[in-house]
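Work through these exercises with the structure open beside you. Try each task before reading its solution.

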Amino acid sequence: MTIYGNLEFLDLKYKPKSTEVVVQYKAEPQKGIPLKSLCEYIAGESSIGTWTKINTMNPKIAKTLKPHVFYVNEKTLQIKIAYPEKLFEVGNMPGIMSSIAGNIFGMKEIKGLRFEDFSLTKTHVKAFRGPQFGIQGIRKMTKVNKRPFVGTIVKPKVGLTSAQHAKVAYDSWAGGLDIVKDDENLTSMNFNQFDKRMKLTFKARDKAEKETGEKKLYFANITAPYNEMIRRAKLVKKLDGEFVMYDVLTAGWSALQGIRDFCQDNKLAIHAHRAMHGALTRNHEMGISMLALAKTYRLIGVDTLHIGTAGIGKMHGSKDEELTIEQEIEFKRIKENMNAKILNQDWYGLKPVLAVASGGLSPLLLPQVMKVMGNDIVLQGGGGVHGHPKGTINGAAAFRQAVDATMDDISLNEYSKTHKELAEAIHKWG
Ligand code: CAP
Ligand code: MG
């Protein structure tokens, strides 16, 4: 067998230690390359090896920092590698990812490589902050105790002026929604500048809170170059906001860690949008699973995270996969399950993240989503609110009514007999 830089990492009898980080991949070699050789390359390139034997290697490094490939399944192509935790700097997400999800994706010998999951040690988990508020914190903040949260994305995604945006936000809150958020691609346009949008939208928020007596949240999208994000987050704080919204893929792990620190000092929660995740997650033969990405975001500490609609809405995704992600970001401990492609993970007390179901949801789909995803969820509709035949305020009411009906175990058809906004929604989307 070809050994990577003359260091041998394969040991199928090896039992990983509690001080080792375990990574699971699905690895498909190019024609003519044995899977076991590929395992050597992956383990080496992610840690102490390189393509050839090197003179700078010493026995101490080779012994103490050596990874072990301890599981190889020639049928499913799944492999597991244990890496001594000292190989990675604690609390440094980009550093960890450069190691275990880095160069290996570009290696010639690889036909397909899927980073399925990683399991961090206690030392590593505890070095991250995790969510500051999490599910219970957000329930406390809003006094929404049992039902799912309902929210909307202001639509059109871009195009409205700041004043028009604030009016749509007001109608959404006044109609009964808890949350209004900017869309992922709405930043600071010359026709809708961030600062002006914030001032007007928070004013609308204050008015809606006064009139409804309910707590209303605004997820203000601060996604921008890092220093500008901090400036924008400061403005959100100054205007009495509770949340900043952050596009986790495009703005990245490093900046997210910085924003998380800023949010700790300023008592702000973080809403994570996952625009671009499909480039990494969608092709199951290549890339990184959404589960693994979601873990990085729980570790760093977002409070809410998009995970899809269990295949019910407009975005690609499957029920099983998304339920697994929901459990991973909510539970205290996760048990290994090879079918679900997940490893053991103890979250060592890090708070749970509130999952967001979004993408193509109309009020009619909410009972189905609640049935699958439960009540600890944010149900979010853009088109499903602003596409209502009688406008946003009625669309928001219909969206909330669908949740209230489901909480009371009443069918939407039945409920619509006494709730005309829902009846109109059923007429359009039914
Ligand atoms: C939904 C949305 C969200 C997607 C993201 C959109 O609008 O605002 O960004 O839900 O998908 O732009 O598509 P609609 P995911 O309600 O009008 O579909 O949560 O899967 O990342
Ligand atoms: Mg969007």
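**Exercise 1.** Find the helix that holds Thr-296, then decide whether Thr-296 is buried or exposed.

*Solution.* Keep in mind that this is a predicted model.
Step 1: locate the residue. Thr-296 sits in helix α12.
Step 2: check its accessibility. The relative value is 1%. Buried means under 20%, so Thr-296 counts as buried.
Step 3: list its partners. Leaving out residues up to four places away in sequence, Thr-296 touches Met-93, Met-97, Phe-118 and Trp-253.
Step 4: take one long distance. The C-alpha atoms of Thr-296 and Trp-429 are separated by 37 Å. Along the chain, these two residues are 133 apart.

**Exercise 2.** How many residues of helix α12 are buried?

*Solution.* Step 1: set the limits. Helix α12 covers residues 290-300.
Step 2: count. Eleven of its eleven residues are buried.
Step 3: look at the names. Among them are Met-290, Leu-293 and Ile-300, as well as Lys-295 and Arg-298.
Step 4: go just past the end of α12. There Gly-301 has a positive phi of about 115 degrees.

**Exercise 3.** Treat helix α1 in the same way. Which strands do its buried residues pack against?

*Solution.* Step 1: count again. Helix α1 runs over residues 35-45, and nine of its eleven residues are buried.
Step 2: name some of them. The buried set includes Leu-35, Cys-39, Glu-40 and Tyr-41.
Step 3: find the partners. The buried residues of α1 pack against β1 (20-29), β2 (68-72), β3 (78-84) and β4 (110-119).

**Exercise 4.** Place Thr-324 and Gly-252. Is each one buried or exposed?

*Solution.* Step 1: start with Thr-324. It lies in helix α13, residues 319-330.
Step 2: read its accessible area. At 16% relative accessible area, Thr-324 is buried.
Step 3: add its contacts. Thr-324 touches Leu-291, Ala-340 and Ile-342, not counting residues up to four places away in sequence.
Step 4: turn to Gly-252. It is found in the loop between α9 (248-251) and α10 (253-266). Its relative accessibility is 17%, so Gly-252 counts as buried.
Step 5: list the contacts of Gly-252. Apart from neighbours within four places in sequence, they are Tyr-246 and Asp-247.
Step 6: take a distance. The C-alpha atoms of Gly-252 and Lys-63 are separated by 34 Å, and the two residues are 189 apart along the chain.

**Exercise 5.** At what angle do the axes of helices α6 and α16 cross?

*Solution.* Step 1: mark the helices. Helix α6 spans residues 162-175 and α16 spans residues 392-407.
Step 2: compare the axes. They come within 7 Å and cross at roughly 35 degrees.
Step 3: give the hand. The crossing of α6 and α16 is right-handed.
Step 4: find who makes the contact. From α6 come Val-168, Asp-171, Ser-172, Ala-174 and Gly-175. From α16 come Thr-392, Ile-393, Ala-396 and Ala-397.
Step 5: sort these residues by class. The contact has five nonpolar, three polar and one charged residues.

**Exercise 6.** Inspect the backbone at Pro-156, Met-276 and Asp-409. What is special at each place?

*Solution.* Step 1: recall the usual case. Most residues other than glycine have a negative phi, and most peptide bonds are trans.
Step 2: check the bond before Pro-156. A cis peptide bond joins Lys-155 and Pro-156, with omega about -5 degrees. Pro-156 lies in the loop between β5 (149-153) and α6.
Step 3: check Met-276. Its phi is positive, near 90 degrees. Met-276 is in the loop between β9 (269-273) and α11 (277-281).
Step 4: check Asp-409. Its phi is also positive, near 65 degrees. The loop between α16 and α17 (412-416) holds Asp-409. At 75% relative accessibility, Asp-409 counts as exposed.

**Exercise 7.** Now step back to the whole chain. Why does its radius of gyration agree with that of a compact globule?

*Solution.* Step 1: compare the two values. For 430 residues, a compact globule would have a radius of gyration near 22 Å; the chain has 24 Å, which agrees.
Step 2: read the span. Along its principal axes, the C-alpha trace extends over about 75 × 45 × 35 Å.
Step 3: count the elements. The chain has 18 helices and 15 strands.
Step 4: check burial. Of the 430 residues, 57% count as buried.

Key: Residues are numbered from 1 along each chain as its sequence is written. Chains are lettered from A and ligands numbered from 1 in the order in which they are written. This is a predicted model: local features need pLDDT of at least 70, side-chain atom pairs count only at pLDDT 80 or more; totals for chains, interfaces and linings use all residues. Side-chain values use heavy atoms; hydrogens and water are left out. Axes are lines fitted to C-alpha atoms, for helices over the stretch in contact, and angles run from 0 to 180 degrees between N-to-C directions. Helices (H or I, at least four residues) and strands (E, at least two) are DSSP runs, numbered from the N terminus. A crossing is left-handed if the near helix is turned anticlockwise from the far one by less than a right angle, and right-handed if clockwise. Contact means heavy atoms within 4.5 Å. Ala, Val, Leu, Ile, Met, Phe, Trp, Tyr, Cys and Pro count as nonpolar, Asp, Glu, Lys and Arg as charged, and the others, Gly among them, as polar. The radius of gyration is taken over C-alpha atoms; the globule rule is 2.2 Å times the number of residues to the power 0.38. Buried means under 20% relative accessible area, exposed over 50%, partly exposed in between (1.4 Å probe, protein chains only).
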